[in-house]
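Here are my notes for our chat about this structure. Have it open on your screen and check each point as you read.

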Amino acid sequence: MSRTNQGKWAPSRRCTLIITGTMLMGGPLLAAADAVEEAGADDARLEPLMVQGQEVYNQACVFCHQPNGMGLSGSFPPLVGGAPFDADLSITQPLERLGLYKEGLVQLGELETHINVVVNGIPGTRMFAFGPQLSSEQIAAVVTYIRNAWSNDTGDVATPEQVEFFRKD
Ligand code: HEC
């Protein structure tokens, strides 16, 4: 581009749009960096999944499990590994059977267990199945989020293919 043309294109609408776009991207990208730092993991796949996963979490899970993942004593279990949880046996026993609860403390268990719980729920409890209302991408993101947010630094990444495996057809 020649210097003499500069006056014509510099203040163009296209330039403004690019700059605005870059500024808008700043928010989610910074949030992603925080999330990954929080997770203590360096897997590049984590970054976008943590951003998307937190969005899904805030829409679908936060009401019961709370923003800090600590749930509500007596009703909704924490999602934070090692966190204490007091509730009736009717709530804790199904968790114990899944390997997600032991001696009063929440266990992170296996990645596959979390995927299954989110897709199919825990029958007979208030943890209902999210399979029908969330896409496989959304479930993969939210499971990745809960396994790396707060002090859960598993480094696990869930994929939509793994989610499909647990969908009943
Ligand atoms: C209506 C309240 C409610 C909502 C919304 C909800 N859960 Fe749960 N969740 C529960 C309850 C209650 C349990 C324990 C069920 C039992 O009694 O075994 C549970 C258990 C779990 C567990 C296994 C136990 C643990 O502490 O790790 C996971 C994982 C989980 N929920 C993830 C999620 C995710 C992810 C979402 C959002 C997609 C979500 N939940 C939305 C109520 C809820």
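1. Which residues are closest to the ligand? Keep in mind that we are looking at a predicted model. In it, 24 residues surround the ligand, and the closest are Cys61, Cys64, Pro77, Thr125 and Met127. Helix H4 (62–65), helix H5 (89–97), helix H6 (111–120) and helix H7 (136–148) each give two or more residues to this shell. Sorted by class, the shell holds 20 nonpolar residues, three polar ones and one charged one.

2. Now the overall layout. The protein has eight helices and two strands. Reading from the N terminus, you meet the elements in the order α-α-α-α-α-β-β-α-α-α. There are 169 residues, and 28% of them count as buried. If you take the contacts with a separation of 6 or more, 49% of them join residues 24 or more positions apart.

3. Before going further, check the confidence. The average pLDDT of the protein is 84, and 75% of the residues score at least 70. Residues 1–22 stay under 50, and the model has one contact beyond four places in sequence for them. Residues 36–41 are also below 50, but this stretch has 14 contacts in the model beyond near neighbours in sequence. Where pLDDT is low, the predicted coordinates should not be read in detail. Please treat both stretches with that in mind.

4. Pro77 deserves a look of its own. It is one of the residues closest to the ligand, and it sits in the loop between H4 and H5. Is Pro77 buried or exposed? Pro77 counts as buried because it has 25 C-beta neighbours inside 10 Å, and the cut-off for buried is 20 or more. Leaving out residues up to four places away in sequence, Pro77 touches Gly71, Phe85, Leu95 and Val106. Take Leu95: Pro77 is 18 residues away from it in sequence, and their C-alpha atoms are 9.3 Å apart in space.

5. Compare that with Phe63, which is in helix H4. Phe63 is exposed, because just 10 other C-beta atoms lie within 10 Å of its own and 12 or fewer is the cut-off for exposed. Try finding Phe76 as well: Phe63 and Phe76 are 13 residues apart in sequence, with 9.7 Å between their C-alpha atoms.

6. Next, H7. Its 13 residues reach 18 Å from the first C-alpha to the last, close to the 18 Å expected at 1.5 Å a residue. H7 is mostly covered, with 12 of its 13 residues buried. Among them are Ile139, Val142, Val143, Tyr145 and Ile146, but Ser136, Gln138, Arg147 and Asn148 are on the buried list too. Just after H7 comes Trp150, with a positive phi near 50°.

7. Which residues touch the most other members of the largest nonpolar core? This core has 30 residues, and the answer is Val118, Ile139, Val142, Val143, Tyr145 and Ile146. Helix H3 (46–60), H6 and H7 each supply at least two residues of the core. The largest share is from H7, which gives seven.

8. Tyr145 is a handy way to get from H7 to H3. Not counting residues up to four places away in sequence, Tyr145 touches Met50, Gly53, Gln54 and Tyr57. Those four are buried residues of H3, and the buried list of H3 also includes Leu46, Leu49, Val51 and Val56. The length of H3 checks out as well: 15 residues at 1.5 Å a residue should span 21 Å, and the end C-alpha atoms are 20 Å apart, which agrees.

9. Finally, two backbone angles to look up. Most residues other than glycine have a negative phi. Gln66 has a positive phi near 70° and is found in the loop between H4 and H5. With 14 C-beta neighbours inside 10 Å, Gln66 counts as partly exposed. Glu103 also has a positive phi, near 50°, and lies in the loop between strand S1 (101–102) and strand S2 (105–106). Glu103 is exposed, with 7 other C-beta atoms within 10 Å.

Definitions and conventions. Residues are numbered from 1 along each chain as its sequence is written. This is a predicted model: local features need pLDDT of at least 70, side-chain atom pairs count only at pLDDT 80 or more; totals for chains, interfaces and linings use all residues. Two residues are in contact if their C-beta atoms, placed from the backbone, lie within 7 Å. A residue is near a molecule or strand if its C-beta atom, placed from the backbone, lies within 6 Å of it. Ala, Val, Leu, Ile, Met, Phe, Trp, Tyr, Cys and Pro count as nonpolar, Asp, Glu, Lys and Arg as charged, and the others, Gly among them, as polar. The expected span of a helix is 1.5 Å times one less than its number of residues. A nonpolar core is a set of buried Ala, Val, Leu, Ile, Met, Phe, Trp, Tyr and Cys residues joined through C-beta atoms within 7 Å. pLDDT is the predictor's confidence in each residue, from 0 to 100.
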